[in-house]
Each structure stands twice: as C-alpha cells, then as structure tokens.
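Me: I would like to learn how to read a protein model step by step. Could we start with how strands join into a sheet?

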Amino acid sequence: MKRLVIDPVTRIEGHLRIEAEIQDNTIKSAYSSGTMVRGIEIILKGRDPREAWVFAQRICGVCTMVHALASIRAVEDALDIKVPKNASLIRKLMIGTLFVHDHVVHFYHLHALDWINPLQAIKADPVKASEFARSLSNYEKSTPSYFKEVQDRIRTQVERGQLGIFNKGYWNHPEYRLPPEVNLMVLAHYMDALNWQAQIVQVHTIFGGKNPHPNFAVGGMPSPIDLQSDTAINMEKLSRVKTLINQMLEFVERVYVPDLIAIASFYKDWFEKGEGIGNFLVLGEPEFDSYRDGKFFIPPTFIKNRDLKAYEDVDYSKVEEYVTHSWYKYTKGDHVGLHPFEGETVFNYTGPEPPYEQLKVEAKYSWLKSPRYKGLPAEVGPLARMLALYARNVHDARHILDSTLARLGLPIEAIFSTMGRTLSRGLETVIYAHAMKRWYDELLENIKSGDLKVFNSDKWDPSTWKREAKGLGLMEAPRGSLSHWVHISGGKIANYQAVVPTTWNASPRDAKGQLSPYEASLVGHKLANPTEPLEVLRTIHSFDPCLACAVHLYAEDGHTLSVQVL
Ligand code: NFE
Ligand code: MG
C-alpha cells in the first residue's frame, strides 16, 4: 500500500495534515493530524475568570467570537450570573451574523474551487450564464454585462499568466464537471461575496466595536443602549443593523442557496460518499445563554447509527477526551478518557523528529485530543444540526430539507454524505438569517418598552463568589458544538478545558482505535489521480476545517519544534 500525504491541506484555517493508505487508487485507511499547538488552556490557569474570554477568543479569528462567548457563558454559569435580555438578544444577533458570514465565506472562498473551475469560465456565453442564473433566482446582478465583466477579468489574468488566487489549482482534473456557464456564474458570486462579507460584519462593529474579535463582557454586553445618544446604540445604529440583516437574507436566499443547489445538481454522486461514522452530536445552542432553563434555539441531540427516529437528549457528563494518539499525557495513563472538568493539558511530543516522511500513526500523531460521547466518535456541525432539527422537526427543518432534496430528486439518506454536509450548511444559514429578523424585532420591542439594561453587575465583586465553582459554556459554533468547561477556585481559574468542533471532527483515533469523522469519511474514496487528490479536498473541506491558528511549539530551551511542511 502507498501512503498519500497532504500537508498542509489548504483553503482551511490552521494546520492540518492528512495521511491515507491507498491501494488501486482507493483510500483504505486515513489519518488526520493537527500539526501545531498553542496551549491556551494552560495560559488561562490562574487568571481572573472575568478576563478569560479575551484570551480564549484568540483561539481563532475565523469563528471570531465563539470562544469569547463560550468562555463568558461558562463563567456566568459557574458564578450564577443572569444576563439581561437585551444582552442575550444582541449576542444572538452577533451569532447570527457570524453564521451567515462564516458559511458564505466557506462556501465561496474555501470550498467552491473544489467544484468550480474558474479557467472554464472563460469559455462561457455570458448571455446563457445570465439566463441560467435568472432561472434560479431574481438576483439583480445576474446580467449578461456583469458576467461578461467578470469573465474579462479572469481572461486577462489567464492571458498574462497571473492566476493570483486561482494559482496551483488542479484545473485539468477530470472531476471538474460543470458547464462553463455555471462556472462563470459561481465565479462571479465568489467575487461578489468578497465585497458583501466586508459589509455585513458591521453588525459586529456596531455591537462589539470591531471585527474580528469583537468586545464582550461577563454579565452582559459592553455596548450601552441610549436612543438619545450619538455614541451609544441608538436608532440610527439599530436601523443599520436591520438593513444589514436584510442584505444577509437576500444574499443567502438569492445567491448562496441557488448556487449551492446548482452545483449539487451536477455532482449527485457526491451525495453517496464521504459520510463518516453515522453518529451525530449537537451539544446545543441555548436560547438565553444558559442551558440550565432547558430552552434551546438548537436542541441538544445525539443521533446514533443514522437513526433519526431514536434520537436522544444529551447527557453532558458523558463527554470525554482521549489522548491515546495525541501528543499529551494523562496522570492516570493515556488509555483513559477524562471528562473536561477533570481534563489535563500536558504536552508529550513523541512524534518523529523533522524532517520526516510520515507520521507514526500506530503511536501518537496529532495535537488534537479525541473527544468522544458515551465512548463513541460523533460528527458535529451543520449536518448534525440539520439532522437534530429534522428529527425533532423544529424551525420547519423537515419541510426545508425534504423540499430541497425533492428538487434534486434525492431521498433523505442522501444527506449522509460530503454534498449533504455542504447542503446542510447552506440550509441552516437560511434558518439563522430568518431567526435574526425575529431577534431584531424582539430587541426593538424590549427597548421600546423601556428596558435599556445590557449589563448585570450583581456579581462583579469576587467576594460574592463561591470558593469553588464549576461552569459549562455551550455554543453552537459554525463548525459544530463548542463547549468550554471552567473550574474556579478562590476567585481564580483552577482548570480550563475547551472542547472544540474541529477537535470532535478531526481528532485522531481513540483508545479503542475508533476513527474520527474526518478519518472515516475518506475511506473508500477513489482517486482519479493520486498526485492531485481533489476528492480528498472535497470531503475534508465539506467539514470546514479549523485547526487552532498557527503558533509554534517551543521546547523548554526555546528552540522551535515546528513540524515539517511538505
Ligand atoms: Ni476556528 Fe471554530 C468554529 C470553533 S472550529 S473556527 O466554528 O470553536 O473548531
Ligand atoms: Mg481542548
């Protein structure tokens, strides 16, 4: 068997290496490895819990606020801090904006080039491209002149031999199957989305001062509401938010989802591969920050072996992380699983010294731990959430999913796949964009009723805290279930564990040798040309990987231990 190595996997966030055993151009086994580490859980120890979110937020700049909010929710849970309604609604509007932003950017700028071939767009007839686009939606920019303008730009780039962002694609790969007009249409929207995404994040700047990494606060939000003020959240700023929400909804419904369905209709075989393990987990998005009232926007749900009828509620005591194949060590030995409240983050790099050809996959091979639920690997993310909503039939999910699959002439089983994952991401974006309109109306109504409160200072003084406190912060992040677990002792953080979506999906094998979703999803893929592993990229990108942002690991004497990038 041959070992295929892809390192780094590009068009993702962070550093991911995939190794796969191939025989007759078919993947027999696969290994997923996170190749860099930061240790933010260690940095947080001993700090004031009220400032933890600022450090935790730096875990990532793509899901730019989720670690801040998960951290804040964990601390609010531990210290029993109630969040004012306005603050919860503002946070929700910021979450909604993040989902729409992150999913659209993923679809066009990180995933679309797995399906569209920009060089083929040169051959398109802009009039036909416009007719095709108009048959899908009434988006105003779908004119022949707009498409021709985009086509002229890419043609000039190609003629000058300066492909820029489209350099080094596998553009002669036989798996690119779209007609030139569809390539041109999606390419035009790729460009369009670049400008659009820069606008809509203004919701974060209005409520949180900046993006990436907007400001938050334990106990509420740091943005005062005062309709008479020029600088606080006033009517002008709220109207701007409303306009931006409408722009988001328009782009999602008239551009993103139609493009997604168009692409899916040409790649129906991708609804038959890339599933993974068939277990799906949603830890839950609370309706009002705390999970303790049992109210959820996305309900906690566990689905085993694809069985949507036998879905289960979630027991948070059944989450554990293993380090059997991760470069960490546990006091009790590396074969046990630890619940995050008992979690340990102690480095133990036993990997090959760079430069090296391949990882020692029978031993430790990743900086990611292996989270498991009830001892089982489980996929988190848009597909898991759509399945949870479908199983429970909330947010009209059954109608949304069934009608979309019917348009494509596909049964519900098709959703358990690479393309199903990509489709689910688009459909949940519609759900979030519509919810934002409701949250906006609720916020306005609450403000108009005279409630301007955004911050609760009752527990600001540490002398009011219990000596020992533990808290869980839940947050459905764009890539899946995020949970932060904090133990506060004597007013300081005694232990802090973040169990992150991409950790669930991209983890290495566990103590029982069970594969993670990334690893399992690749098995059986047939590669048209192993030197251009486009098929692997399609499935891995369908998860929208985000490895923790790049920071080198230093040994005690200060020299860099960064692993080799091939
Ligand atoms: Ni860095 Fe993230 C999301 C989180 S994925 S992008 O979504 O948490 O690991
Ligand atoms: Mg962690």
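Reply: Happily! Two strands pair if DSSP finds at least two bridges between them. Helices (H or I, at least four residues) and strands (E, at least two) are DSSP runs, numbered from the N terminus. Here, two bridges join E8 to E9, and these strands run antiparallel.

Me: Before we go on, what kind of model is this, and how are things numbered?

Reply: This is a predicted model, in which local features need pLDDT of at least 70 and side-chain atom pairs count only at pLDDT 80 or more, while totals for chains, interfaces and linings use all residues. Residues are numbered from 1 along each chain as its sequence is written, chains are lettered from A and ligands numbered from 1 in the order in which they are written, and side-chain values use heavy atoms, with hydrogens and water left out.

Me: Back to the sheet: what is the order of its three strands?

Reply: In general, strands of a sheet pair through backbone hydrogen bonds, either parallel or antiparallel. In this case the order is E9-E8-E10, an open sheet with antiparallel pairing. Strand E9 (337–338) and E10 are the edge strands, each pairing on one side only.

Me: Which residues stand opposite each other in E9 and E10?

Reply: Tyr322 faces Gly337 in E9, and Glu321 stands opposite Pro371 in E10. Strand E8 (residues 319–322) is joined to E10 by four bridges, and the two run antiparallel.

Me: Are the faces of strand E10 buried or exposed?

Reply: Buried means under 20% relative accessible area, exposed over 50%, and partly exposed in between (1.4 Å probe, protein chains only). Strand E10 (residues 370–373) is covered on both faces: Ser370 and Arg372 are buried on one side, Pro371 and Tyr373 on the other.

Me: What about single residues, such as Lys92: buried or exposed?

Reply: Lys92 is found in helix H4 (residues 85–111). Its relative accessibility is 5%, so Lys92 counts as buried. Contact means heavy atoms within 4.5 Å; leaving aside neighbours within four places in sequence, Lys92 is in contact with Glu287 and Trp439.

Me: And where is Lys273?

Reply: Look in the loop between helix H9 (235–266) and strand E4 (280–282). Lys273 has 29% relative accessibility and therefore counts as partly exposed. Not counting residues up to four places away in sequence, Lys273 touches Ser417, Thr418 and His525. Distance along the chain can be compared with distance in space, too: Lys273 and Gly420 are 147 residues apart along the chain, and their C-alpha atoms are separated by 9.4 Å.

Me: How far apart in space are Asp7 and Arg91?

Reply: Their C-alpha atoms are 37 Å apart, with their positions 84 residues apart in sequence. Asp7 lies in the loop between strand E1 (2–6) and strand E2 (16–23). At 7% relative accessibility, Asp7 counts as buried.

Me: Now for the whole chain: how many helices and strands does it have?

Reply: The protein chain has 15 helices and 13 strands. Of its 566 residues, 60% are buried. Among contacts with a separation of 6 or more, 73% come from residues 24 or more positions apart.

Me: What does the radius of gyration tell me here?

Reply: It is taken over C-alpha atoms, and the globule rule is 2.2 Å times the number of residues to the power 0.38. With 566 residues, a compact globule would have a radius of gyration near 24 Å; the protein chain has 23 Å, which agrees. Its C-alpha atoms fill a box of roughly 70 × 60 × 50 Å, taken along the principal axes.
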